[in-house]
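This briefing looks at how a protein meets a DNA strand, and then at how two helices pack against each other. Please keep the structure open while reading the points below.

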Number of protein chains: 2
Amino acid sequence: MKVLIVDDDNLVAVSLKTILSSDSEIEVTGIGNDGTVAIRLYEEQQPDVLLMDIRMSGMSGLDAGSEILSKHNDARILYLTTFNDDEYIIKAISIGAKGYIIKQDFESIIPAVKSVYKGQSVFGNAITEKLPGIINKKKTFDYESFGITPQEKEIIEEIAKGLSNKEIADKLCLSEGTVRNYLSNILRKLDLRDRTNLAIFYYQNR
Amino acid sequence: MKVLIVDDDNLVAVSLKTILSSDSEIEVTGIGNDGTVAIRLYEEQQPDVLLMDIRMSGMSGLDAGSEILSKHNDARILYLTTFNDDEYIIKAISIGAKGYIIKQDFESIIPAVKSVYKGQSVFGNAITEKLPGIINKKKTFDYESFGITPQEKEIIEEIAKGLSNKEIADKLCLSEGTVRNYLSNILRKLDLRDRTNLAIFYYQNR
DNA sequence: AATATGATGTGACAAATGTCATATCGCATT
DNA sequence: AATGCGATATGACATTTGTCACATCATATT
């Protein structure tokens with residue numbers, strides 16, 4: 001199985017080569033440090049799997065992958081990243097990458113490469129937990145377990161609709177001051193700074 | 001690595017056991033033919049990976065998996081199926097399953113089980129091609145068409161992360177006043193009241 | 001009856017937010 | 001050279017927001 005490695009950080013690229021080369025089935029055919037190089041090396045070597053960083057100076061891994069896939073729609077690209085940004089996961093899957101795993105998780109890399117070689121898609125540990133959220137916003141946050149009372153929960157719902165303190169007070173028949181007190185308690189319990197961050201939290205954990 | 005196999009068709013279940021047992025790292029701790037049995041055996045054996053059919057007479061694999069995951073949210077469930085229906089894929093991912101592969105693809109099963117054991121998610125050959133389509137069913141809002149400039153878009157991104165005007169100013173090397181002006185323009189263009197509503201809008205149109 | 005508790009309220013305060021009018025500067029068009 | 005435009009900036013201002021200390025009051029507990 002021929003593997004091409006492309007990583008911005010040459011030290012990482014070399015380490016990956018060492019790790020992968022320890023497996024008898026894997027042959028590392030090349031190392032690159034940039035998106036444009038990835039495209040060129042891919043053309044030259046036609047590797048079975050391209051193991052590539054997302055964030056790179058110069059051409060990004062996503063752009064390079066996108067270009068490679070437009071020519072070779074059977075290319076098997078496995079992204080490596082230090083970040084596990086939702087945005088990147090979605091983009092990576094969208095362009096047709098076969099996987100997305102965290103760089104640090106060394107011992108998962110070889111099985112991941114093998115799975116991808118067999119045509120499967122692989123998503124690493126940290127990403128795995130986010131998949132349900134990405135596919136379908138169904139995993140709800142358990143506010144109760146953070147000591148949020150039903151009344152406070154109600155306030156959260158209203159803030160998530162974009163209402164001001166005054167409006168919430170009118171709607172729930174409370175004084176504005178009380179709403180503020182509740183909000184203040186909510187923010188402390190959830191360790192958030194302000195209503196905007198609460199709204200963000202709400203929509204990210206729906 | 002302890003693996004529990006559950007399949008409606010006993011012949012398939014036994015075949016799977018034979019295949020998996022050929023690997024020295026894998027120990028098949030049990031076989032079941034129904035969802036309710038899956039739940040009971042899971043409790044008894046606490047396997048590392050549960051390899052289960054989706055379609056089964058009696059309780060379905062999805063319902064059983066859902067119940068198991070509600071008690072053991074670290075359960076690693078790998079679904080096997082003869083069908084590759086989008087609905088099932090989405091449901092499987094939604095409940096938090098770690099994989100979804102096609103039964104017929106025998107030689108992919110062992111690496112898939114191993115990847116799942118390591119905490120990764122695996123999606124088989126046939127499914128892999130559908131992932132981009134599944135992910136892309138989301139409708140992204142076109143900010144440009146509402147006259148939002150790239151600079152303003154950048155501000156929106158930062159607000160959606162929960163940053164204050166001051167923080168955004170520092171990050172983008174602008175004065176706080178300028179950030180306020182931009183925000184003011186954004187709110188007018190999108191007809192929103194404040195940053196909280198902007199954040200809500202952002203997450204609802206992602 | 002005495003006390004504790006929880007829900008609600010008030011007032012004061014500092015900080016952040018949003019709006020507006022206006023200014024500067026560089027660049028492109030005329 | 002004159003003009004206009006877009007990006008950036010400033011200052012003033014009213015409003016909203018978040019925090020805190022403390023008050024009130026009904027109900028439940030002892």
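Which polar side-chain atom lies 3.2 Å from a base nitrogen of DNA strand D? In this predicted model, that atom belongs to A:Asn181. The points below set this pair beside the contacts to phosphate, the surface near the strand and the packing of two helices of chain A.

**Polar contacts to phosphate**
- An N or O atom in the side chain of A:Ser184 is placed 2.7 Å from a phosphate oxygen of DNA strand D.
- From chain B, a polar backbone atom of B:Ser175 is 2.7 Å from a phosphate oxygen of DNA strand D.

**The surface near DNA strand D**
- DNA strand D is surrounded by 16 residues, the closest being A:Arg180, A:Leu183, A:Ser184, A:Arg195 and B:Tyr182, and of the strand's atoms that come within 4 Å of the protein, 59% belong to sugar and phosphate.
- By class, this surface consists of nine polar, four nonpolar and three charged residues.
- Helix H10 (176-190) of chain A and helix H10 (176-190) of chain B each supply at least two residues of the surface, and H10(A) gives the most, with five residues.

**Packing of H9(A) against H10(A)**
- Helix H9 (residues 165-172) of chain A packs on H10(A) at an angle of about 110°, with the axes 8 Å apart, and the two helices are therefore roughly perpendicular to each other.
- H9(A) makes the contact through A:Asn165, A:Lys166, A:Ile168 and A:Ala169, and H10(A) through A:Glu176, A:Val179, A:Arg180 and A:Leu183.
- By class, the contact between H9(A) and H10(A) has four nonpolar, three charged and one polar residue.

Key:
Residues numbered from 1 in each chain as written. Chains lettered and ligands numbered in written order. Predicted model: local features only at pLDDT ≥ 70, side-chain atom pairs only at ≥ 80, totals over all residues. Heavy atoms only, no water. Near = heavy atom within 4 Å. Polar contact = N/O pair within 3.5 Å; in protein donor to acceptor, adjacent residues only side chain to side chain. Helix = DSSP H or I, 4+ residues; strand = E, 2+ residues; numbered from the N terminus. Nonpolar A, V, L, I, M, F, W, Y, C, P; charged D, E, K, R; others polar. Axes fitted to C-alpha atoms, helices over the stretch in contact; angles between N-to-C directions. Parallel < 35°, antiparallel > 145°, perpendicular 65-115°, else oblique. Contact = heavy atoms within 4.5 Å.
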